[in-house]
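Ready to practise reading a protein model? Grab a pencil and work through the exercises below, trying each one before you peek at the solution.

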Amino acid sequence: MGKEIGIDFGTTNTVVSYFNKKGKLRQLKYKGDEIIPSAIYFYSKNEYVIGSLAKRLIIFDNQKQAGVLNFKPKIGEKEKIVVTAENGDTFSIRPREVARLFLNEIVHGIEEKLIKEFGPIEGCIDKTVITVPAKFNSTDKAAIKKAAKDAGFKTAKLVAEPTAAAVACQEDMGLDEGDIQDKAILVYDFGGGTFDVSIIRKEGNKFQEIATNGDKNLGGNTLTDRLAEELLNRINDEYGMELPFSEDEFDESYYTMPLIHYRQNMLAIWQAADVIKEELSESAEARKVCNIWLDDGTSAMYEAEFSRNELERYISRDVQRTIDITIRTIEEAREMGVENISPIVLAGGSSNIPFVKKSLEDKLVKDEIIYGDDVSTLISRGATILAECDLADELHDGKTNVQTGIAVTSGVQYGKFQAIIPENEPLPCSKTRRFKLMHDGQQRLEIHLYECDVKNFPKAVRIDDNGITLIDTLIIDDLPAGLQKDNTVIDVEITIQKDDTLAAVATVKDGTGNTIQSGSVSVKKESDLE
Ligand SMILES: Nc1ncnc2c1ncn2[C@@H]1O[C@H](COP(=O)(O)OP(=O)(O)OP(=O)(O)O)[C@@H](O)[C@H]1O
Ligand SMILES: [Mg+2]
(Lines give C-alpha, C1' and ligand atoms only; values in the text may rest on other atoms or scores of the structure.)
(Ligands and ions follow the chains in the order given, each with its own letter.)
Protein backbone atom coordinates (compact mmCIF):
# COMPACT_ATOMS: atom_id res chain seq x y z
CA MET A 1 0.00 0.00 0.00
CA GLY A 2 1.34 3.42 -0.82
CA LYS A 3 1.35 6.20 -3.35
CA GLU A 4 2.85 6.30 -6.80
CA ILE A 5 4.66 9.43 -7.83
CA GLY A 6 6.36 10.68 -10.96
CA ILE A 7 9.36 12.98 -10.85
CA ASP A 8 10.68 15.11 -13.66
CA PHE A 9 14.14 15.73 -12.23
CA GLY A 10 15.21 18.48 -14.61
CA THR A 11 18.48 20.32 -15.05
CA THR A 12 16.78 23.61 -14.23
CA ASN A 13 13.52 22.59 -12.54
CA THR A 14 12.08 19.56 -10.83
CA VAL A 15 8.36 18.70 -10.79
CA VAL A 16 6.65 15.96 -8.76
CA SER A 17 3.16 14.69 -9.66
CA TYR A 18 0.69 12.26 -8.09
CA PHE A 19 -2.98 11.25 -8.26
CA ASN A 20 -4.85 13.12 -5.54
CA LYS A 21 -7.73 11.74 -3.46
CA LYS A 22 -10.18 12.59 -6.23
CA GLY A 23 -8.07 10.65 -8.73
CA LYS A 24 -6.85 13.82 -10.48
CA LEU A 25 -3.26 14.23 -11.64
CA ARG A 26 -1.76 17.05 -9.58
CA GLN A 27 1.63 18.43 -8.59
CA LEU A 28 3.04 18.06 -5.11
CA LYS A 29 4.34 21.38 -3.86
CA TYR A 30 7.67 21.71 -2.14
CA LYS A 31 7.62 24.77 0.17
CA GLY A 32 4.83 26.27 -1.90
CA ASP A 33 6.42 25.63 -5.31
CA GLU A 34 5.02 23.34 -7.99
CA ILE A 35 8.09 23.95 -10.09
CA ILE A 36 11.07 23.39 -7.85
CA PRO A 37 14.38 24.87 -9.04
CA SER A 38 17.02 22.11 -9.17
CA ALA A 39 19.36 24.07 -6.92
CA ILE A 40 21.10 23.42 -3.63
CA TYR A 41 22.70 25.96 -1.27
CA PHE A 42 24.99 25.11 1.65
CA TYR A 43 24.98 27.19 4.83
CA SER A 44 27.64 24.78 6.13
CA LYS A 45 28.87 21.34 5.09
CA ASN A 46 25.92 19.65 6.83
CA GLU A 47 23.24 22.29 6.55
CA TYR A 48 21.64 23.08 3.24
CA VAL A 49 18.48 24.19 1.48
CA ILE A 50 17.12 23.35 -1.96
CA GLY A 51 14.63 24.82 -4.42
CA SER A 52 13.72 28.44 -4.89
CA LEU A 53 15.40 29.64 -1.69
CA ALA A 54 18.65 27.98 -2.80
CA LYS A 55 18.36 29.52 -6.27
CA ARG A 56 17.70 32.94 -4.81
CA LEU A 57 20.69 32.76 -2.47
CA ILE A 58 22.99 31.62 -5.31
CA ILE A 59 21.85 34.04 -7.97
CA PHE A 60 20.44 37.11 -6.36
CA ASP A 61 22.72 37.15 -3.33
CA ASN A 62 25.61 36.29 -5.66
CA GLN A 63 26.76 33.32 -3.54
CA LYS A 64 27.85 31.18 -6.45
CA GLN A 65 30.49 29.25 -4.50
CA ALA A 66 28.07 28.15 -1.75
CA GLY A 67 25.59 26.54 -4.07
CA VAL A 68 25.27 24.14 -7.00
CA LEU A 69 23.06 24.55 -10.07
CA ASN A 70 22.84 22.36 -13.20
CA PHE A 71 24.17 19.25 -11.47
CA LYS A 72 21.92 16.77 -13.26
CA PRO A 73 23.82 16.44 -16.57
CA LYS A 74 27.02 15.76 -14.54
CA ILE A 75 25.44 13.09 -12.34
CA GLY A 76 27.53 10.20 -13.69
CA GLU A 77 30.82 12.10 -13.55
CA LYS A 78 33.32 11.41 -10.82
CA GLU A 79 34.89 14.86 -10.83
CA LYS A 80 33.88 16.62 -7.64
CA ILE A 81 32.41 20.08 -7.34
CA VAL A 82 34.18 22.42 -4.91
CA VAL A 83 31.79 24.22 -2.59
CA THR A 84 32.59 27.00 -0.12
CA ALA A 85 29.59 27.08 2.17
CA GLU A 86 28.24 30.33 3.59
CA ASN A 87 30.08 29.73 6.89
CA GLY A 88 33.40 29.21 5.06
CA ASP A 89 33.46 25.35 5.15
CA THR A 90 35.18 24.25 1.95
CA PHE A 91 34.57 20.73 0.66
CA SER A 92 34.28 18.81 -2.56
CA ILE A 93 31.26 16.75 -3.46
CA ARG A 94 30.32 14.43 -6.32
CA PRO A 95 27.40 15.51 -8.49
CA ARG A 96 25.67 12.21 -7.58
CA GLU A 97 25.89 13.14 -3.90
CA VAL A 98 24.43 16.58 -4.62
CA ALA A 99 21.54 14.82 -6.36
CA ARG A 100 21.07 12.54 -3.33
CA LEU A 101 20.88 15.53 -0.94
CA PHE A 102 18.45 17.28 -3.28
CA LEU A 103 16.19 14.23 -3.69
CA ASN A 104 16.38 13.51 0.03
CA GLU A 105 14.83 16.91 0.77
CA ILE A 106 12.18 16.25 -1.88
CA VAL A 107 11.30 12.86 -0.31
CA HIS A 108 10.77 14.41 3.12
CA GLY A 109 8.92 17.43 1.78
CA ILE A 110 6.42 15.51 -0.32
CA GLU A 111 5.90 12.49 1.90
CA GLU A 112 4.76 14.85 4.64
CA LYS A 113 2.13 16.22 2.24
CA LEU A 114 1.03 12.75 1.10
CA ILE A 115 0.66 11.49 4.66
CA LYS A 116 -1.48 14.53 5.49
CA GLU A 117 -3.78 13.72 2.55
CA PHE A 118 -3.83 9.92 2.66
CA GLY A 119 -2.79 8.98 6.20
CA PRO A 120 0.41 7.29 7.43
CA ILE A 121 0.03 3.99 5.55
CA GLU A 122 -1.44 4.92 2.20
CA GLY A 123 0.48 8.19 2.12
CA CYS A 124 3.93 6.58 2.09
CA ILE A 125 5.72 6.73 -1.23
CA ASP A 126 5.55 3.34 -2.91
CA LYS A 127 6.41 3.30 -6.59
CA THR A 128 8.42 6.12 -8.10
CA VAL A 129 9.19 6.81 -11.72
CA ILE A 130 12.00 9.30 -12.34
CA THR A 131 12.50 10.62 -15.84
CA VAL A 132 15.92 10.87 -17.44
CA PRO A 133 17.13 12.36 -20.71
CA ALA A 134 16.87 9.92 -23.60
CA LYS A 135 20.62 10.11 -24.08
CA PHE A 136 21.69 9.44 -20.49
CA ASN A 137 24.32 6.70 -20.61
CA SER A 138 24.45 3.61 -18.41
CA THR A 139 26.65 5.35 -15.81
CA ASP A 140 24.34 8.36 -15.62
CA LYS A 141 21.36 6.04 -15.15
CA ALA A 142 23.10 3.97 -12.48
CA ALA A 143 24.08 7.21 -10.68
CA ILE A 144 20.53 8.54 -10.66
CA LYS A 145 19.18 5.19 -9.42
CA LYS A 146 21.74 5.14 -6.61
CA ALA A 147 21.06 8.77 -5.67
CA ALA A 148 17.31 8.07 -5.55
CA LYS A 149 17.70 4.87 -3.50
CA ASP A 150 20.08 6.50 -1.03
CA ALA A 151 17.71 9.46 -0.77
CA GLY A 152 14.94 7.15 0.44
CA PHE A 153 12.94 6.21 -2.66
CA LYS A 154 12.37 2.49 -2.16
CA THR A 155 11.74 1.62 -5.78
CA ALA A 156 12.71 4.07 -8.46
CA LYS A 157 12.29 3.18 -12.10
CA LEU A 158 13.68 5.29 -14.89
CA VAL A 159 11.85 6.36 -18.01
CA ALA A 160 13.04 8.59 -20.88
CA GLU A 161 11.71 12.14 -20.48
CA PRO A 162 10.15 12.44 -23.96
CA THR A 163 8.40 9.12 -23.49
CA ALA A 164 6.78 10.35 -20.29
CA ALA A 165 5.78 13.56 -22.12
CA ALA A 166 4.16 11.52 -24.90
CA VAL A 167 2.25 9.43 -22.38
CA ALA A 168 0.87 12.58 -20.71
CA CYS A 169 0.00 14.06 -24.09
CA GLN A 170 -1.99 11.03 -25.13
CA GLU A 171 -3.93 11.38 -21.90
CA ASP A 172 -4.38 15.15 -22.34
CA MET A 173 -5.65 14.73 -25.86
CA GLY A 174 -7.99 11.98 -24.76
CA LEU A 175 -6.91 9.76 -27.60
CA ASP A 176 -8.17 6.24 -27.43
CA GLU A 177 -6.84 3.26 -29.30
CA GLY A 178 -9.04 3.83 -32.37
CA ASP A 179 -7.65 7.36 -32.78
CA ILE A 180 -4.08 6.32 -32.55
CA GLN A 181 -4.16 3.12 -34.53
CA ASP A 182 -0.87 2.92 -36.43
CA LYS A 183 -0.02 6.42 -35.29
CA ALA A 184 3.02 7.48 -33.38
CA ILE A 185 3.65 10.67 -31.42
CA LEU A 186 6.92 12.54 -31.68
CA VAL A 187 8.05 14.54 -28.66
CA TYR A 188 10.61 17.29 -29.17
CA ASP A 189 11.81 18.23 -25.69
CA PHE A 190 14.26 21.12 -25.59
CA GLY A 191 14.93 21.71 -21.88
CA GLY A 192 17.54 23.55 -19.84
CA GLY A 193 20.45 21.13 -20.03
CA THR A 194 19.42 18.56 -22.60
CA PHE A 195 17.64 17.99 -25.87
CA ASP A 196 15.62 14.83 -26.35
CA VAL A 197 13.42 13.50 -29.08
CA SER A 198 11.35 10.37 -28.92
CA ILE A 199 8.77 8.64 -31.07
CA ILE A 200 6.36 6.47 -29.16
CA ARG A 201 3.30 4.41 -30.02
CA LYS A 202 0.58 2.95 -27.86
CA GLU A 203 0.04 -0.73 -28.46
CA GLY A 204 -2.75 -2.22 -26.40
CA ASN A 205 -2.23 -0.66 -22.99
CA LYS A 206 1.51 -0.46 -23.45
CA PHE A 207 3.58 2.48 -24.63
CA GLN A 208 6.34 1.46 -26.97
CA GLU A 209 9.43 3.58 -27.66
CA ILE A 210 10.02 3.35 -31.39
CA ALA A 211 13.09 5.57 -31.59
CA THR A 212 14.82 7.86 -29.13
CA ASN A 213 17.69 10.26 -29.67
CA GLY A 214 19.07 13.46 -28.23
CA ASP A 215 22.06 15.38 -26.95
CA LYS A 216 22.63 15.45 -23.23
CA ASN A 217 24.77 18.57 -23.46
CA LEU A 218 22.50 20.75 -25.55
CA GLY A 219 19.80 22.79 -23.84
CA GLY A 220 18.67 26.29 -22.93
CA ASN A 221 21.90 26.72 -20.97
CA THR A 222 23.86 26.24 -24.21
CA LEU A 223 21.78 28.97 -25.85
CA THR A 224 22.36 31.30 -22.91
CA ASP A 225 26.09 30.54 -23.19
CA ARG A 226 26.07 31.68 -26.83
CA LEU A 227 24.50 35.01 -25.89
CA ALA A 228 26.70 35.39 -22.79
CA GLU A 229 29.85 34.86 -24.86
CA GLU A 230 28.82 37.61 -27.23
CA LEU A 231 27.93 39.88 -24.29
CA LEU A 232 31.36 39.27 -22.74
CA ASN A 233 33.03 40.20 -26.06
CA ARG A 234 31.11 43.48 -26.11
CA ILE A 235 32.01 44.23 -22.50
CA ASN A 236 35.69 43.42 -23.14
CA ASP A 237 35.65 45.79 -26.15
CA GLU A 238 33.87 48.53 -24.24
CA TYR A 239 36.28 48.54 -21.29
CA GLY A 240 39.48 47.35 -22.99
CA MET A 241 39.59 44.07 -21.06
CA GLU A 242 40.49 40.52 -22.13
CA LEU A 243 38.39 38.44 -19.76
CA PRO A 244 38.08 34.82 -20.94
CA PHE A 245 34.70 33.06 -21.18
CA SER A 246 35.95 30.00 -19.35
CA GLU A 247 37.19 30.26 -15.76
CA ASP A 248 39.83 27.62 -16.59
CA GLU A 249 41.57 30.25 -18.70
CA PHE A 250 41.47 32.89 -15.96
CA ASP A 251 45.01 33.00 -14.62
CA GLU A 252 45.16 35.23 -11.54
CA SER A 253 48.85 35.97 -12.05
CA TYR A 254 48.10 37.44 -15.49
CA TYR A 255 44.95 39.43 -14.76
CA THR A 256 44.91 42.40 -12.39
CA MET A 257 41.31 41.58 -11.51
CA PRO A 258 40.82 39.29 -8.48
CA LEU A 259 39.10 35.94 -9.18
CA ILE A 260 36.09 36.89 -7.06
CA HIS A 261 35.41 39.95 -9.27
CA TYR A 262 35.82 37.82 -12.39
CA ARG A 263 33.31 35.29 -11.05
CA GLN A 264 30.84 38.02 -10.12
CA ASN A 265 31.18 39.46 -13.62
CA MET A 266 30.56 36.12 -15.27
CA LEU A 267 27.51 35.43 -13.09
CA ALA A 268 26.11 38.90 -13.88
CA ILE A 269 26.76 38.40 -17.61
CA TRP A 270 25.20 34.92 -17.67
CA GLN A 271 22.15 36.05 -15.72
CA ALA A 272 21.67 39.04 -18.04
CA ALA A 273 21.99 36.79 -21.09
CA ASP A 274 19.48 34.31 -19.63
CA VAL A 275 16.90 37.02 -18.88
CA ILE A 276 17.40 38.62 -22.30
CA LYS A 277 17.08 35.23 -24.02
CA GLU A 278 13.73 34.56 -22.34
CA GLU A 279 12.44 38.11 -22.93
CA LEU A 280 13.25 37.81 -26.63
CA SER A 281 10.62 35.06 -26.86
CA GLU A 282 8.04 37.79 -26.18
CA SER A 283 9.55 40.92 -27.73
CA ALA A 284 11.78 41.93 -30.62
CA GLU A 285 14.36 43.60 -28.37
CA ALA A 286 15.48 43.18 -24.79
CA ARG A 287 17.80 45.03 -22.41
CA LYS A 288 19.36 44.33 -19.05
CA VAL A 289 21.79 46.33 -16.98
CA CYS A 290 24.66 44.45 -15.39
CA ASN A 291 27.16 45.57 -12.82
CA ILE A 292 30.67 44.86 -14.09
CA TRP A 293 33.96 45.00 -12.18
CA LEU A 294 36.73 46.63 -14.20
CA ASP A 295 40.49 45.95 -14.20
CA ASP A 296 41.21 49.00 -12.04
CA GLY A 297 38.94 47.83 -9.20
CA THR A 298 36.09 50.25 -10.00
CA SER A 299 32.76 49.05 -11.34
CA ALA A 300 30.48 50.15 -14.16
CA MET A 301 26.83 49.65 -15.10
CA TYR A 302 26.73 48.13 -18.59
CA GLU A 303 23.48 48.03 -20.50
CA ALA A 304 23.25 44.83 -22.52
CA GLU A 305 20.91 45.01 -25.49
CA PHE A 306 20.04 42.35 -28.04
CA SER A 307 17.49 41.96 -30.78
CA ARG A 308 15.61 38.80 -31.58
CA ASN A 309 17.42 38.63 -34.92
CA GLU A 310 20.79 38.67 -33.18
CA LEU A 311 19.75 35.90 -30.81
CA GLU A 312 18.55 33.81 -33.74
CA ARG A 313 21.91 34.23 -35.43
CA TYR A 314 23.86 33.08 -32.35
CA ILE A 315 21.69 30.04 -31.66
CA SER A 316 20.90 28.92 -35.20
CA ARG A 317 23.52 26.15 -35.30
CA ASP A 318 22.28 24.68 -32.03
CA VAL A 319 18.65 24.78 -33.15
CA GLN A 320 19.64 23.21 -36.47
CA ARG A 321 21.31 20.39 -34.55
CA THR A 322 18.05 19.62 -32.73
CA ILE A 323 16.27 19.51 -36.10
CA ASP A 324 18.90 17.23 -37.62
CA ILE A 325 18.49 14.84 -34.69
CA THR A 326 14.69 15.01 -35.05
CA ILE A 327 14.83 14.23 -38.76
CA ARG A 328 17.19 11.32 -38.13
CA THR A 329 14.83 9.96 -35.50
CA ILE A 330 11.90 10.15 -37.93
CA GLU A 331 13.99 8.29 -40.54
CA GLU A 332 14.83 5.64 -37.97
CA ALA A 333 11.14 5.16 -37.20
CA ARG A 334 10.35 4.95 -40.94
CA GLU A 335 13.01 2.29 -41.38
CA MET A 336 11.11 0.34 -38.75
CA GLY A 337 7.93 0.67 -40.78
CA VAL A 338 6.37 3.51 -38.75
CA GLU A 339 5.10 6.01 -41.31
CA ASN A 340 2.30 7.89 -39.66
CA ILE A 341 3.97 10.17 -37.10
CA SER A 342 1.52 12.71 -35.73
CA PRO A 343 1.34 14.98 -33.89
CA ILE A 344 4.72 16.49 -33.06
CA VAL A 345 4.54 17.66 -29.49
CA LEU A 346 6.83 20.40 -28.23
CA ALA A 347 7.97 20.22 -24.62
CA GLY A 348 10.67 21.87 -22.49
CA GLY A 349 11.25 25.53 -21.72
CA SER A 350 13.47 26.19 -24.76
CA SER A 351 10.62 25.21 -27.09
CA ASN A 352 9.09 28.59 -26.09
CA ILE A 353 11.60 30.30 -28.38
CA PRO A 354 9.65 31.38 -31.51
CA PHE A 355 12.69 30.64 -33.73
CA VAL A 356 12.67 27.02 -32.52
CA LYS A 357 9.03 26.58 -33.45
CA LYS A 358 9.47 28.36 -36.77
CA SER A 359 12.54 26.30 -37.69
CA LEU A 360 10.63 23.12 -36.93
CA GLU A 361 7.66 24.27 -39.00
CA ASP A 362 9.96 25.11 -41.91
CA LYS A 363 11.69 21.76 -41.85
CA LEU A 364 8.83 19.51 -40.77
CA VAL A 365 5.16 19.38 -41.62
CA LYS A 366 3.50 22.59 -40.43
CA ASP A 367 0.08 21.61 -39.13
CA GLU A 368 1.27 18.60 -37.21
CA ILE A 369 3.15 20.60 -34.57
CA ILE A 370 1.39 21.28 -31.30
CA TYR A 371 2.53 22.77 -28.06
CA GLY A 372 1.62 20.47 -25.16
CA ASP A 373 -0.76 21.74 -22.48
CA ASP A 374 1.04 22.83 -19.37
CA VAL A 375 4.48 22.00 -20.74
CA SER A 376 6.24 22.40 -17.44
CA THR A 377 4.33 19.55 -15.77
CA LEU A 378 3.90 17.31 -18.82
CA ILE A 379 6.82 14.99 -18.10
CA SER A 380 6.13 14.46 -14.40
CA ARG A 381 2.46 13.76 -15.17
CA GLY A 382 3.45 11.15 -17.73
CA ALA A 383 5.85 9.62 -15.21
CA THR A 384 3.03 9.37 -12.66
CA ILE A 385 0.73 7.58 -15.13
CA LEU A 386 3.53 5.09 -15.79
CA ALA A 387 4.19 4.62 -12.06
CA GLU A 388 0.50 4.04 -11.38
CA CYS A 389 0.06 1.48 -14.14
CA ASP A 390 3.43 -0.05 -13.26
CA LEU A 391 4.29 0.23 -16.94
CA ALA A 392 7.78 1.69 -16.72
CA ASP A 393 9.46 -1.67 -17.28
CA GLU A 394 7.44 -2.35 -20.38
CA LEU A 395 8.57 0.77 -22.16
CA HIS A 396 12.12 0.25 -22.96
CA ASP A 397 12.61 -0.74 -26.54
CA GLY A 398 14.80 -3.46 -25.08
CA LYS A 399 17.84 -2.76 -27.25
CA THR A 400 21.17 -1.04 -26.89
CA ASN A 401 21.13 2.40 -28.47
CA VAL A 402 24.91 2.85 -28.65
CA GLN A 403 28.05 0.72 -28.93
CA THR A 404 29.99 -0.01 -25.75
CA GLY A 405 33.68 -0.75 -25.99
CA ILE A 406 37.27 0.02 -25.15
CA ALA A 407 40.20 1.94 -26.61
CA VAL A 408 43.17 0.33 -28.31
CA THR A 409 46.06 0.94 -25.91
CA SER A 410 49.08 0.20 -28.11
CA GLY A 411 50.35 0.09 -31.68
CA VAL A 412 49.35 2.19 -34.68
CA GLN A 413 45.68 2.00 -33.80
CA TYR A 414 46.34 3.57 -30.37
CA GLY A 415 43.31 5.54 -29.16
CA LYS A 416 40.90 3.92 -31.61
CA PHE A 417 37.52 2.84 -30.27
CA GLN A 418 36.81 -0.88 -30.41
CA ALA A 419 33.23 -2.03 -29.89
CA ILE A 420 32.50 -4.94 -27.56
CA ILE A 421 28.72 -4.64 -27.44
CA PRO A 422 27.11 -3.41 -30.69
CA GLU A 423 24.09 -1.13 -31.05
CA ASN A 424 20.58 -2.61 -31.44
CA GLU A 425 21.50 -5.62 -29.31
CA PRO A 426 18.51 -7.02 -27.34
CA LEU A 427 18.79 -6.47 -23.57
CA PRO A 428 20.08 -7.87 -21.35
CA CYS A 429 23.18 -8.72 -23.31
CA SER A 430 26.61 -9.94 -22.31
CA LYS A 431 29.86 -10.14 -24.22
CA THR A 432 33.22 -11.40 -23.04
CA ARG A 433 36.52 -9.77 -23.91
CA ARG A 434 39.94 -11.23 -23.21
CA PHE A 435 42.67 -9.07 -21.65
CA LYS A 436 46.35 -9.79 -21.07
CA LEU A 437 48.57 -8.74 -18.21
CA MET A 438 51.17 -6.01 -18.84
CA HIS A 439 53.79 -7.55 -16.52
CA ASP A 440 54.46 -10.55 -14.26
CA GLY A 441 52.88 -10.37 -10.82
CA GLN A 442 50.31 -7.75 -11.90
CA GLN A 443 47.41 -7.64 -9.43
CA ARG A 444 45.46 -4.67 -10.68
CA LEU A 445 43.88 -4.03 -14.05
CA GLU A 446 41.97 -0.94 -15.16
CA ILE A 447 39.75 -1.00 -18.23
CA HIS A 448 38.30 2.25 -19.54
CA LEU A 449 34.87 1.76 -21.08
CA TYR A 450 33.50 4.06 -23.76
CA GLU A 451 30.17 4.52 -25.47
CA CYS A 452 30.06 5.33 -29.15
CA ASP A 453 26.89 6.99 -30.41
CA VAL A 454 27.19 5.54 -33.91
CA LYS A 455 23.69 6.59 -34.92
CA ASN A 456 24.31 10.29 -34.34
CA PHE A 457 28.08 10.34 -34.94
CA PRO A 458 28.71 7.78 -37.71
CA LYS A 459 32.20 9.19 -38.32
CA ALA A 460 33.39 8.80 -34.71
CA VAL A 461 36.44 6.54 -34.66
CA ARG A 462 38.84 7.70 -31.99
CA ILE A 463 38.06 8.09 -28.30
CA ASP A 464 38.51 11.86 -28.43
CA ASP A 465 36.07 12.21 -31.35
CA ASN A 466 32.65 13.77 -30.76
CA GLY A 467 30.15 11.00 -30.09
CA ILE A 468 32.53 8.83 -28.06
CA THR A 469 32.35 9.25 -24.28
CA LEU A 470 34.24 7.65 -21.41
CA ILE A 471 31.45 6.12 -19.33
CA ASP A 472 33.27 4.21 -16.62
CA THR A 473 36.44 2.44 -15.59
CA LEU A 474 36.38 -1.20 -14.56
CA ILE A 475 38.86 -1.92 -11.77
CA ILE A 476 40.06 -5.42 -10.99
CA ASP A 477 42.40 -5.03 -8.03
CA ASP A 478 42.43 -8.41 -6.32
CA LEU A 479 44.07 -10.64 -8.91
CA PRO A 480 45.90 -13.59 -7.29
CA ALA A 481 49.59 -12.98 -6.51
CA GLY A 482 52.33 -14.40 -8.73
CA LEU A 483 50.52 -14.47 -12.09
CA GLN A 484 52.79 -14.83 -15.13
CA LYS A 485 52.23 -12.31 -17.93
CA ASP A 486 52.74 -14.85 -20.71
CA ASN A 487 50.41 -17.56 -19.51
CA THR A 488 47.55 -15.64 -17.93
CA VAL A 489 44.47 -14.13 -19.50
CA ILE A 490 41.58 -12.29 -17.88
CA ASP A 491 38.16 -12.84 -19.42
CA VAL A 492 35.91 -9.91 -18.58
CA GLU A 493 32.20 -10.42 -19.15
CA ILE A 494 30.41 -7.11 -19.64
CA THR A 495 26.64 -7.04 -19.33
CA ILE A 496 24.22 -4.28 -20.23
CA GLN A 497 21.27 -5.08 -17.99
CA LYS A 498 17.61 -4.70 -18.79
CA ASP A 499 17.50 -1.23 -17.24
CA ASP A 500 20.49 -0.18 -19.37
CA THR A 501 22.94 -0.17 -16.47
CA LEU A 502 26.23 -1.99 -16.71
CA ALA A 503 27.71 -4.92 -14.76
CA ALA A 504 30.95 -6.87 -15.16
CA VAL A 505 32.64 -10.02 -13.84
CA ALA A 506 36.10 -11.40 -14.59
CA THR A 507 37.64 -14.85 -14.71
CA VAL A 508 41.39 -15.49 -14.53
CA LYS A 509 42.61 -18.26 -16.83
CA ASP A 510 45.98 -19.78 -17.64
CA GLY A 511 47.48 -20.19 -21.10
CA THR A 512 45.54 -23.39 -21.79
CA GLY A 513 42.22 -21.79 -20.94
CA ASN A 514 41.82 -23.38 -17.51
CA THR A 515 40.38 -21.19 -14.79
CA ILE A 516 43.12 -20.33 -12.29
CA GLN A 517 40.89 -19.05 -9.55
CA SER A 518 37.59 -20.72 -8.86
CA GLY A 519 34.68 -18.33 -9.18
CA SER A 520 34.80 -14.92 -10.74
CA VAL A 521 37.01 -12.08 -9.65
CA SER A 522 35.05 -9.04 -8.56
CA VAL A 523 35.11 -6.09 -10.86
CA LYS A 524 34.54 -2.66 -9.35
CA LYS A 525 33.16 0.19 -11.33
CA GLU A 526 34.91 3.47 -10.66
CA SER A 527 31.52 5.19 -10.68
CA ASP A 528 30.49 3.10 -7.66
CA LEU A 529 33.49 4.10 -5.56
CA GLU A 530 33.01 7.00 -3.14
N1 LIG B 1 10.03 31.83 -22.63
C2 LIG B 1 11.23 31.25 -22.77
N3 LIG B 1 12.04 31.57 -23.80
C4 LIG B 1 13.25 31.02 -23.94
N5 LIG B 1 13.74 30.10 -23.11
C6 LIG B 1 12.98 29.73 -22.07
C7 LIG B 1 11.69 30.27 -21.84
N8 LIG B 1 11.17 29.70 -20.72
C9 LIG B 1 12.11 28.85 -20.26
N10 LIG B 1 13.19 28.86 -21.06
C11 LIG B 1 14.43 28.10 -20.91
O12 LIG B 1 14.08 26.74 -20.73
C13 LIG B 1 15.06 26.10 -19.92
C14 LIG B 1 14.37 25.33 -18.82
O15 LIG B 1 13.49 24.42 -19.41
P16 LIG B 1 12.90 23.14 -18.62
O17 LIG B 1 12.28 23.59 -17.34
O18 LIG B 1 12.10 22.39 -19.60
O19 LIG B 1 14.29 22.43 -18.33
P20 LIG B 1 14.58 21.16 -17.39
O21 LIG B 1 13.47 20.19 -17.52
O22 LIG B 1 14.92 21.63 -16.03
O23 LIG B 1 15.92 20.66 -18.09
P24 LIG B 1 16.29 19.24 -18.75
O25 LIG B 1 15.03 18.66 -19.29
O26 LIG B 1 17.26 19.63 -19.82
O27 LIG B 1 16.93 18.45 -17.68
C28 LIG B 1 15.98 27.19 -19.40
O29 LIG B 1 17.18 27.20 -20.16
C30 LIG B 1 15.18 28.47 -19.65
O31 LIG B 1 16.03 29.59 -19.88
MG1 LIG C 1 13.11 18.62 -18.81
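**Exercise 1.** Which residue of β23 does E451 stand opposite, and how do the two strands pair?

*Solution.* Start with the residue itself: E451 stands opposite T469 in β23. Keep in mind that you're looking at a predicted model. Next, zoom out to the strands: β22 covers residues 445-452 and β23 covers residues 468-476. They pair in the antiparallel sense, over eight bridges.

**Exercise 2.** Put the strands of the open sheet that holds β22 and β23 in order, then work out which strands stand at the edges.

*Solution.* First, the order: five strands line up as β20-β19-β22-β23-β27, with antiparallel pairing. Now look at the ends: β20 (417-421) and β27 (524-525) each have a single partner strand, so one side of each has no neighbour in the sheet.

**Exercise 3.** Trace the pairings of β25 and find a residue with positive phi in its hairpin with β24.

*Solution.* Step one: β24 (residues 488-496) and β25 (residues 502-510) run antiparallel and are joined by nine bridges. Here T495 stands opposite A503 in β25. Step two: check the turn of this hairpin, where five residues sit between the strands and D500 takes a positive phi near 75°. Step three: β25 also pairs with β26 (residues 521-522), again antiparallel, through two bridges. In that pairing, A506 stands opposite V521 of β26.

**Exercise 4.** Describe what surrounds ligand 1 and find some of its polar contacts.

*Solution.* Begin with the shell: 21 residues surround the ligand, and the closest are T11, T12, T194, E278 and S281. Sort the shell by type and you get one nonpolar, 15 polar and five charged residues. Among the helices, α5 (220-239) and α6 (259-279) each supply at least two shell residues, and α6 gives the most, with three.

Now hunt for contacts to oxygen atoms of ligand 1. A backbone N or O atom of G192 lies 3.0 Å from one. For G193, a polar backbone atom is 2.8 Å away from a ligand oxygen. T194 uses its side chain instead, with an N or O atom 2.8 Å from a ligand oxygen. As for cover, ligand 1 exposes 660 Å² when taken alone, and the protein buries 88% of that.

**Exercise 5.** Which domains does the chain have, and how many residues does each give to their contact?

*Solution.* The domain assignment gives domain 1 (3-218 + 318-395) and domain 2 (403-528). Their C-alpha centres lie 32 Å apart. To the contact, domain 1 gives 17 residues and domain 2 gives 15.

Conventions. Residues are numbered from 1 along each chain as its sequence is written. Chains are lettered from A and ligands numbered from 1 in the order in which they are written. This is a predicted model: local features need pLDDT of at least 70, side-chain atom pairs count only at pLDDT 80 or more; totals for chains, interfaces and linings use all residues. Side-chain values use heavy atoms; hydrogens and water are left out. A residue is near a molecule or strand if one of its heavy atoms lies within 4 Å of it. A polar contact is a pair of N or O atoms within 3.5 Å; within protein, one must be able to donate a hydrogen and the other to accept it, and residues adjacent in sequence count only if both atoms are side-chain atoms. Accessible areas come from the Shrake-Rupley method with a 1.4 Å probe; for residues, only the protein chains shown count as cover. Helices (H or I, at least four residues) and strands (E, at least two) are DSSP runs, numbered from the N terminus. Ala, Val, Leu, Ile, Met, Phe, Trp, Tyr, Cys and Pro count as nonpolar, Asp, Glu, Lys and Arg as charged, and the others, Gly among them, as polar. Two strands pair if DSSP finds at least two bridges between them. Domain bounds come from an automatic or database domain assignment. Contact means heavy atoms within 4.5 Å.
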